Amino acid sequence: MNPDYNAQTQKLLLTQQAARTLETRRSKVLGQLMFCQGCCCGQTEKGFPELPRERLKHEWKQRRLNDTIQLTISGCLGPCDLANVCCLVVPHDLPQWFGGLHAPQQYEDLVRWAQSCQSAGTLQPLPNWLLELRFERFTTQSSGCSALSQEASLTP
Ligand code: FES
């Protein structure tokens, strides 16, 4: 085992070698909702809509939503021209990307959506208005993960 890897990475490699799936502390969440707050999204001084960062963090914490839908507020996710951007990652599906978030009500709706997922214990349908803001993050045609599965490796 490479001594440069920390204990968690060594555990990951051992699990991978045993063809098992490594569970992490957040493996059991239903999804992860990432709001971009990078060079454009949420940067009101540049003319982009506000991202209610503290409000989202407060609501997520108060309602303990992170055990159901993990909240992440990130740096630039890439498609700045569609600011404000968010991305939803759920098990066994492709990430879903949404752009053009602009109204406080939209963020409140997403808090309510996460709350409904928590109450139901399963993913709930997204608000219709959000589906209208969906876009494809990548237009490149490729074979997807199969291109990564054999060649990419953490071991040098
Ligand atoms: S700043 Fe949000 S996508 Fe770049």
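Me: Which residues is Leu-33 in contact with, leaving aside its neighbours within four places in sequence?

Reply: Start with the term. Two residues are in contact if their C-beta atoms, placed from the backbone, lie within 7 Å. Beyond its neighbours within four places in sequence, Leu-33 is in contact with Ile-69, Leu-71, Cys-86, Leu-88, Leu-110 and Ala-114. Now a caution: this is a predicted model, where local features need pLDDT of at least 70, side-chain atom pairs count only at pLDDT 80 or more, and totals for chains, interfaces and linings use all residues. Residues are numbered from 1 along each chain as its sequence is written.

Me: How many helices and strands does the protein have?

Reply: Both are DSSP runs, numbered from the N terminus: helices are H or I with at least four residues, strands are E with at least two. Here there are 5 helices and 5 strands. Along the sequence the pattern reads α-β-α-β-β-β-α-α-β-α.

Me: In what order do the strands stand in the sheet?

Reply: Strands pair if DSSP finds at least two bridges between them. The 5 strands here form an open sheet in the order 2-1-3-4-5, with mixed pairing. Strand 2 and strand 5 (134-135) are at the edges. Each has a single partner strand, so one side of each is left without a neighbour in the sheet.

Me: Which way do strand 1 and strand 2 run, parallel or antiparallel?

Reply: Parallel. Strand 1 (residues 31-36) and strand 2 (residues 69-74) are joined by 6 bridges. Check two pairs. Gly-31 is opposite Ile-69, and Phe-35 has Ile-73 as its bridge partner.

Me: Which helix joins strand 1 and strand 2 in a β-α-β unit, and what is the hand of that unit?

Reply: View it with the strands pointing away from you: the crossover is right-handed if the path from the first strand over the helix to the second runs clockwise. In this structure the helix is helix 2 (residues 53-62), and the β-α-β unit is right-handed.

Me: What is the sense of pairing on to strand 3?

Reply: Antiparallel. Strand 1 and strand 3 (residues 86-89) share 4 bridges. Met-34 is partnered by Cys-87. Leu-33 is partnered by Leu-88.

Me: And where do strand 4 and strand 5 fit?

Reply: Strand 3 pairs with strand 4 over 3 bridges, again in the antiparallel sense. Cys-86 stands opposite Phe-98 there. The hairpin of strand 3 and strand 4 has 6 residues between the strands, and His-92 takes a positive phi near 60°. Strand 4 (residues 96-98) then meets strand 5, antiparallel, through 2 bridges. One of these pairs Trp-97 with Phe-135.

Me: Is Val-89 in strand 3 buried, exposed or partly exposed?

Reply: Count the other C-beta atoms, placed from the backbone, within 10 Å of a residue's own: 20 or more is buried, 12 or fewer is exposed, and in between is partly exposed. Val-89 has 15, so it is partly exposed. Leaving aside its neighbours within four places in sequence, Val-89 is in contact with Gly-31, Gln-32 and Pro-95. Its C-alpha atom is 6.5 Å from that of Leu-33, although the two residues are 56 apart along the chain. As for the protein, buried residues make up 19% of its 156 residues.

Me: Which residues touch the most other members of the largest nonpolar core?

Reply: Such a core is a set of buried Ala, Val, Leu, Ile, Met, Phe, Trp, Tyr and Cys residues joined through C-beta atoms within 7 Å. The largest has 24 residues, and Leu-33, Val-85, Cys-86 and Ala-114 touch the most other members. Strand 1, helix 2, strand 3, strand 4 and helix 3 (104-120) each give two or more residues. Helix 3 gives the most, with 6 residues.

Me: How many residues does helix 3 have, and what should they span?

Reply: Multiply 1.5 Å by one less than the number of residues. The 17 residues of helix 3 should span 24 Å, and the end C-alpha atoms are 25 Å apart, which agrees. Gly-121 follows helix 3, with a positive phi near 75°.

Me: Which residues of helix 3 are buried?

Reply: Tyr-107, Leu-110, Val-111, Trp-113, Ala-114 and Cys-117. They cover an arc of only 155° around the axis, taken from the directions from the helix axis to the C-beta atoms. That puts them on the same side of helix 3. On the other side, Pro-104, Gln-105, Ser-119 and Ala-120 are exposed. Strand 1, helix 2 and strand 2 are among what covers the buried residues.
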